[in-house]
Amino acid sequence: MSHTTSALLSRSQSVVAVAGATGRLGQVITETFLTTFKPFFSRVIVFTRDPTSPKAQGLAALGAELAQFSFDQSSSESAGRLQESLKGVDIVANVLNQVDVRLKDMLAEAAVEVGAKVYFPSEFGVYVLFQTSTQISTFYVQAVELTETDHSDHRLNDFPGYDHEEWVKKSKHVSYVRELATRKGCDMKVISVYTGLFLEDSLHSRFGNDLETRTITTYGSSSTRVTYTSKEDIGRAVAQLAILAMLSPAALSDSVPDYVRISGSPRSAVEVAAAFEHEGKRGDSEKSRVEIVEKDLRKEKERLKDECTAGRVGWPAEHIRILMGEGKLDFSSDNSNELVNPRERLWKWKTVEDVALAGV
């Protein structure tokens with residue numbers, strides 16, 4: 001038995017609280033705490049606007065403690081109730097979706113005040129509007145669905161003057177939390193997690209992967225890799241990072257960096273096409289072929305800049321496609337996979353090929 005495993009099994013269990021636990025990603029992360037990694041957490045507290053909702057009740061059935069709280073207004077009363085709910089919590093996972101950055105700051109402030117040891121900021125997901133109506137205007141899309149799609153490492157973004165507002169907000173929140181922890185002199189570890197695109201949601205035309213028409217369109221070289229990570233693997237990685245960050249001696253907990261990259265399935269457009277062509281050959285071989293179209297990356301970036309400068313700022317899918325083309329979503333050679341899942345001994349990373357085999 002390794003020293004790390006012995007330490008994991010011998011230490012007392014931790015208490016974790018999740019904000020945004022009924023969201024698309026938050027639910028998966030919370031379920032991971034409550035199932036696969038349950039032996040390591042004595043309590044899992046879930047903040048929810050409606051404890052009677054099916055999703056909240058589903059988490060309660062797995063053992064979650066439901067705390068009714070709505071992240072819709074910042075006030076001294078709300079801050080006080082939040083602190084009261086967080087008393088005794090060791091780990092706070094902020095998986096809040098579309099809320100004001102001040103409310104995210106309020107959660108972090110409460111975590112600091114109660115002495116939480118680990119905080120995961122809301123680096124989880126950029127909100128992409130994908131169209132379900134043919135009518136679209138400059139600032140409004142009818143009948144849209146908000147969905148989290150990526151964990152891009154926005155520290156590497158190069159969109160001077162036209163970066164997407166959501167990433168600007170995330171950067172401000174992370175900077176604020178780290179400065180707050182330093183100013184308060186607390187030892188709360190802040191862990192930012194970046195995992196590329198969500199595997200389940202990103203093999204979609206809005207990112208150039210139009211598998212319905214068997215066409216993949218890239219900005220730049222089709223051989224540039226992009227990291228795709230499944231939400232289940234993200235949940236496992238977050239749980240493992242939480243456990244490692246709580247370890248003693250400090251030499252073990254300090255092995256967790258402040259900024260963590262996870263790379264579940266790094267694949268280029270050529271490799272994605274090959275995966276779906278291979279599975280398609282089980283049927284009509286002619287229809288299995290996937291066409292790849294390369295567009296000029298520089299021209300597409302200039303187009304995006306012109307549109308943003310003109311005020312035509314839409315969903316961040318186009319920003320993400322530029323990052324894909326620039327190779328800034330390729331975490332294959334710079335990641336913490338071995339830290340959270342050494343030699344895949346804990347689980348097998350889900351791949352693009354797995355999705356192709358299952359069908360999308």
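Student: In which loop does R214 lie?

Tutor: In this predicted model, R214 lies in the loop between β12 and β13.

Student: What makes the phi of R214 notable?

Tutor: Most residues other than glycine have a negative phi. R214 is not a glycine, yet its phi is positive, at about 60°.

Student: Which residue in the loop between α13 and α14 can be set beside it?

Tutor: That residue is E344, placed between α13 (337-340) and α14 (352-358). E344 is likewise not a glycine and has a positive phi, of about 55°.

Student: Why does E344 count as partly exposed?

Tutor: The relative accessibility of E344 is 31%. Buried means under 20% and exposed means over 50%, with partly exposed in between. The value for E344 therefore places this residue in the partly exposed class.

Student: How are β12 and β13 joined, and what makes them count as paired?

Tutor: Two bridges join β12 to β13 (residues 215-219), and the two strands run antiparallel. Pairing requires at least two bridges, so the criterion is met. Within this pair, D210 stands opposite T215 in β13.

Student: Why are β12 and β17 called edge strands?

Tutor: The open sheet has three strands in the order β12-β13-β17, with mixed pairing. Both β12 (209-210) and β17 (291-295) pair on one side only.

Student: Why are α4 and α5 called oblique to each other?

Tutor: The axes of α4 (residues 76-86) and α5 (residues 101-114) cross at roughly 50° and come within 9 Å. Angles under 35 degrees count as roughly parallel, and those from 65 to 115 as roughly perpendicular. An angle of roughly 50° belongs to neither class, and α4 and α5 are therefore oblique. Their crossing is right-handed.

Student: Which residues make the contact of α4 with α5?

Tutor: On α4 they are S78, A79, L82, Q83 and L86, and on α5 they are M106, L107, A110, A111, E113 and V114. By class, eight are nonpolar, two are polar and one is charged.

Student: How do you know that α2 and α8 are oblique?

Tutor: Helix α2 (residues 24-34) packs against helix α8 (residues 231-245) at an angle of about 55°, with the axes 8 Å apart. This angle also falls between the limits of 35 and 65 degrees, so α2 and α8 are oblique to each other. The crossing of α2 with α8 is right-handed.

Student: What classes of residue make up the contact of α2 with α8?

Tutor: The contact has eight nonpolar, two polar and four charged residues. Among them are L25 and F33 of α2, and K231 and R236 of α8.

Definitions and conventions:
Residues numbered from 1 in each chain as written. Predicted model: local features only at pLDDT ≥ 70, side-chain atom pairs only at ≥ 80, totals over all residues. Heavy atoms only, no water. Axes fitted to C-alpha atoms, helices over the stretch in contact; angles between N-to-C directions. Helix = DSSP H or I, 4+ residues; strand = E, 2+ residues; numbered from the N terminus. Parallel < 35°, antiparallel > 145°, perpendicular 65-115°, else oblique. Left-handed = near helix turned anticlockwise from the far one by under 90°. Contact = heavy atoms within 4.5 Å. Nonpolar A, V, L, I, M, F, W, Y, C, P; charged D, E, K, R; others polar. Buried < 20%, exposed > 50% of the residue type's maximum accessible area, 1.4 Å probe, protein only.
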